[in-house]
Amino acid sequence: MSLQEDLVFRALDAFAIELPSWAFANTGTRFGKFLDPSAASTIGEKLADAAEVNNVTGCCPSVAVHVLWDFPDGVPSAAPASKLAADLGVRIGSISPNVFQDQEYKYGSLANPDAAIRAKALAHILDSIEISQAVGSRDVTPWFTDGSNYPGTANMRQHKRWFEEGLAASHAALQPDQRLLIEYKPFEPAFYHTDIADWGMALRLAKAAGPQARVLVDTGHHYQTQNIEQIVAWLLDDGMLGGFHLNDRRFADDDLTLGSIDPYQVFRIFHEIKSFEWETGRAADIAYMVDQSHNLKPKTEEMIQTVMTAQEIMSKAALVDHATLATHQAACSLIDAEECLKSAFHTDVRPIIAEWRKSKGLAANPLAAFRESGYLARVSKERSGRTQAVSSYA
Ligand code: PSV
Ligand code: MN
């Protein structure tokens, strides 16, 4: 086996990608939804689709769920779903509480001025943590829409303190092996201020919440031109990077296919992780979750495309010659350092990945294998014609 093959094989062996249940359901924008006859409506169908992606890619062992969308009655529906997932060869992954959809949350959740609503939001997060424990899931991933739309309408310092309180109370319910991942987003749906707007705020709140809290980086939740890989580098260095919500964006939180707009940025992010691992000699404990939902592309095929892209870019990042790069950096050999990075990015890793797949008994091309399986035609027939539940806050 060549050095390149060895590096790629080891990178792929260690790279598990979590799929979001909501990617398989009908979704849309506030301008409309185009219904897909193959879209999943129930948690059972979402798990079946995710399991199909795992069957052809071999690297998606878990499925992220949104509590209200997937387990509306809590533990009673989570337990059978967990059993079904196991039967399908996957498991329930991160658990997202939902404290933004109900009418009560019009003016916020953990930072709502009404103490009763703050308590309701906390109770839902605690219920979600109970679900995570019932299904054996490690990560709880709340995302908050709290903020305000107009200057002067909210006390931002007070909001911060309410978040410190609510997240610390949530953290207190975790089992020792669990994590609370704090996600940030600069805007939408709040358009003047968002309570957890950037990685600094998420980091600050994670530290205040407790030792098992980490930051979740959703790649779509940044301003244009923001240097995401630097954020990743800092969080890694501080031991505070919990995971990713992977997607691509052109304008805002577009939820586009990973690497479809700027694959070099994804590469630079993955490179920071590989560089950290090379320097420290230990694997970074990161949950790689996809957070995308597609209104136009066929959903299951899109997930396979995303996973294949993630594997390609991670493989490229694994090929960076860290020792040589470090030498060039130390000598301030700017062109050589940059070319060293770029040569890994420009390597065509697809033949090596095909070999890795074959070594695992997988088809060399998961997308082609999925298309040949007839799964899409079968579920489209089974699922079409009935009212599609829409899993979206949009
Ligand atoms: C919000 O934009 C977000 O990124 C959060 O992670 C939610 O859980 C997810 O999208 C819902 O689609
Ligand atoms: Mn997200």
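Helices here are DSSP runs of H or I, at least four residues long, numbered from the N terminus. The model is predicted.

## Exercise 1: Helix α14

Task: Find which residues of α14 are buried, what they pack against, and what marks the start and the end of the helix.

Solution.

Step 1. Locate the helix. α14 covers residues 366-373.

Step 2. Pick out the buried residues. They are P366, A369 and F370.

Step 3. Look down the axis of α14. The buried residues fall within an arc of 100°, so they line one face of the helix. The general rule behind this is simple. An α-helix has 3.6 residues a turn, so residues three or four places apart point the same way.

Step 4. Turn to the other side of α14. R371 and E372 are exposed there. Exposed requires over 50% relative accessible area, while buried requires under 20%.

Step 5. List the packing partners of the buried residues. These are α2 (43-57), α10 (299-318), α13 (350-359) and α15 (375-383).

Step 6. Check the two ends. At the start of α14, a side-chain oxygen of N365 comes to within 3.0 Å of the backbone nitrogen of L367. Just after α14, G374 has a positive phi of about 80°.

## Exercise 2: The surroundings of N247

Task: Place N247 in the chain, say whether it is buried or exposed, and trace its polar contacts.

Solution.

Step 1. Place the residue. N247 is in the loop between β9 (241-246) and α9 (263-280).

Step 2. Judge its exposure. The relative accessible area of N247 is 2%. The cut-off for buried is under 20%, so N247 counts as buried.

Step 3. Follow the side chain. A polar contact of 2.9 Å joins it to the side chain of D218. The side chain of N247 also reaches the backbone oxygen of D291, at 3.0 Å.

Step 4. Add the other neighbours. Leaving out residues up to four places away in sequence, N247 touches residues including T219, G220, D255, L256, L258 and Q292.

Step 5. Take one of these neighbours, D255. It is found in the loop between β9 and α9. D255 is buried, with a relative accessible area of 14%. Its phi is near 60°, a positive value in a residue other than glycine.

## Exercise 3: Aromatic pairs

Task: Describe the pairs F15 with F270 and F267 with F345, and say which parts of the chain they link.

Solution.

Step 1. Start with the whole structure. A search finds 14 aromatic pairs.

Step 2. Take F15 and F270. Their ring centres are 5.9 Å apart and their planes meet at 75°. Planes over 60 degrees apart count as edge-to-face, and this pair is edge-to-face.

Step 3. See what this pair links. F15 is in the loop between α1 (3-13) and β1 (17-20), and F270 is in helix α9. They are 255 residues apart. Both F15 and F270 are buried.

Step 4. Take F267 and F345. This pair is tilted, with 5.1 Å from centre to centre and 55° between the planes. F267 lies in α9 and F345 in α12 (residues 334-345), so the pair ties together parts 78 residues apart in sequence. F267 and F345 are buried.

Step 5. Look around these rings. F15, F244, F270 and Y288 form one aromatic cluster. The charged end of K316 sits over the ring of F345, 5.3 Å from its centre.

## Exercise 4: The nonpolar cores

Task: Find the largest nonpolar core and the residues with the most contacts inside it.

Solution.

Step 1. Recall the general trend. In soluble globular proteins, nonpolar side chains tend to be buried together.

Step 2. Size the core. The largest one has 101 residues. Those with the most contacts inside it are L167, F244, F270, I273 and Y288.

Step 3. Ask which element gives the largest share. It is α10, with eight residues.

Step 4. Zoom in on L167. Beyond its neighbours within four places in sequence, it contacts L110, F144, L180, I182, L205 and A209.

Step 5. Look for a core that stands apart. Another one has five residues, among them A64, W69, F100 and W143.

## Exercise 5: An unusual backbone stretch

Task: Describe the peptide bond from E188 to P189 and the backbone of E188.

Solution.

Step 1. Recall the usual case. Most residues other than glycine have a negative phi, and most peptide bonds are trans.

Step 2. Read the bond. From E188 to P189 it is cis, with omega near 10°.

Step 3. Read phi. For E188 it is near 80°, a positive value in a residue other than glycine.

Step 4. Place both residues. P189 is in the loop between β6 (179-183) and β7 (193-194). E188 is in the loop between β6 and β7. E188 is partly exposed, with a relative accessible area of 32%.

Methods
Residues numbered from 1 in each chain as written. Chains lettered and ligands numbered in written order. Predicted model: local features only at pLDDT ≥ 70, side-chain atom pairs only at ≥ 80, totals over all residues. Heavy atoms only, no water. Buried < 20%, exposed > 50% of the residue type's maximum accessible area, 1.4 Å probe, protein only. Helix = DSSP H or I, 4+ residues; strand = E, 2+ residues; numbered from the N terminus. Arc of directions from axis to C-beta. Contact = heavy atoms within 4.5 Å. Polar contact = N/O pair within 3.5 Å; in protein donor to acceptor, adjacent residues only side chain to side chain. Phe/Tyr/Trp six-rings, centres within 6.5 Å; stacked < 30°, edge-to-face > 60°. Lys NZ or Arg CZ within 6 Å of the ring centre and 35° of its normal. Core = buried A, V, L, I, M, F, W, Y, C linked by side-chain atoms within 4.5 Å.
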